[in-house]
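Biologist: Could you take me through one part of this model at close range? I would like to look at the metal site and what surrounds it.

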Amino acid sequence: MSTAEIDKLVYDYTTSHNAIPAPLNYEGFPKSVCTSINQVVCHGIPDENEILKNGDIINVDVSTIYEGYFSDASRMFMIGDVKEEWKRLVEVTKECLEIGIATAQPWARLGDVGAAIQEHAEKNGYSVVRDLCGHGVGLKFHEVPNVEHFGKKGTGMLIVPGMTFTIEPMINMGKYQVYVDEKNGWTVLTEDGLPSAQWEHTILITETGNEILTW
Ligand code: MF3
Ligand code: CO
């Protein structure tokens with residue numbers, strides 16, 4: 001299938017449930033979902049000429065406005081037979097998200113979350129994208145705080161009950177450097193052309209831990 005077909009599925013499902021696809025027309029973004037394949041890190045634009053092929057890995061990033069509130073989540077999908085080396089990248093990146101969520105406890109600090117994610121990624125020989133981060137989410141798509149996926153334990157903002165933010169590590173197989181495609185001003189790619197993976201949840205910090213809002 002093409003990534004434009006994924007976009008249509010997301011648009012139709014969202015609008016038929018009285019919700020609004022948040023990416024559509026967001027700062028000029030032309031589609032309802034981001035679809036990011038292989039060396040595309042994030043913000044890939046669905047296209048009818050872009051056809052999924054055997055061995056691809058794709059991030060589908062869905063954000064929805066419902067009754068005035070924003071949500072934001074993404075998952076990876078592996079198409080057909082994916083190389084073991086690429087599967088491992090997808091799996092370790094999922095673990096990075098899980099470790100980040102486990103670390104995002106009330107009265108911890110945002111730097112604890114970043115440090116835990118960075119440690120797991122780098123221990124596995126990967127690098128953490130620096131130029132994009134998680135974010136507060138609620139009445140707006142992107143709110144404070146910035147949630148970096150790298151950092152130092154014991155630094156950064158205190159995490160307190162009531163905060164709602166995303167954790168969305170982008171992990172590169174090679175180097176962490178990325179660039180934005182000049183042709184559309186959106187698509188972020190790895191500088192070295194090696195693949196990148198991402199998983200994302202929106203979480204709510206509670207008195208006793210956190211709750212994942214985007215299952
Ligand atoms: N969903 C992305 C995020 O995780 C934001 C995409 S902005 C868009 O923050 F315009 F590209 F949709
Ligand atoms: Co996000």
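Modeller: Happy to; here is a walk from the metal to the ligand and then along a strand. This is a predicted model, in which local features need pLDDT of at least 70 and side-chain atom pairs count only at pLDDT 80 or more, while totals for chains, interfaces and linings use all residues. Residues are numbered from 1 along each chain as its sequence is written, chains are lettered from A and ligands numbered from 1 in the order in which they are written, and side-chain values use heavy atoms, with hydrogens and water left out.

Let us begin with the metal. The cobalt ion (ligand 2) has as its protein donors Asp-72 (OD), His-135 (NE2), Glu-168 (OE) and Glu-200 (OE), at 2.1 to 2.3 Å. Donors here are N, O and S atoms within 2.8 Å of the metal (3.2 Å for Na, K and Ca), and since water is not among the atoms, sites may look incomplete. Along the sequence, these donor residues follow the spacing D-x62-H-x32-E-x31-E. Asp-72 belongs to strand E5, and Glu-168 to the loop between strand E9 (164-167) and strand E10 (170-172), so this pair ties together parts 96 residues apart in sequence. Strands are DSSP runs of at least two residues, numbered from the N terminus. Both Asp-72 and Glu-168 are buried, meaning under 20% relative accessible area (1.4 Å probe, protein chains only).

Next comes ligand 1, with 14 residues around it, the closest being Asp-61, Asp-72, His-135, His-142 and Glu-168; to be counted, a residue needs a heavy atom within 4 Å of the molecule. An N or O atom in the side chain of Asp-61 is 3.0 Å from a nitrogen atom of ligand 1. For Asp-72, a side-chain N or O atom is 3.1 Å from an oxygen atom of ligand 1, and for Glu-200, a polar side-chain atom is 3.2 Å from an oxygen atom of ligand 1. Ligand 1 taken alone exposes 330 Å², of which the protein buries 96%; these areas come from the Shrake-Rupley method with a 1.4 Å probe.

Now back to strand E5 (residues 69-78), where Ser-74 is also found. Ser-74 counts as buried because its relative accessibility is 1%. Beyond its neighbours within four places in sequence, Ser-74 is in contact with residues including Asp-61 and Glu-200, where contact means heavy atoms within 4.5 Å.

Terms used:
Helices (H or I, at least four residues) and strands (E, at least two) are DSSP runs, numbered from the N terminus. Buried means under 20% relative accessible area, exposed over 50%, partly exposed in between (1.4 Å probe, protein chains only). A polar contact is a pair of N or O atoms within 3.5 Å; within protein, one must be able to donate a hydrogen and the other to accept it, and residues adjacent in sequence count only if both atoms are side-chain atoms.
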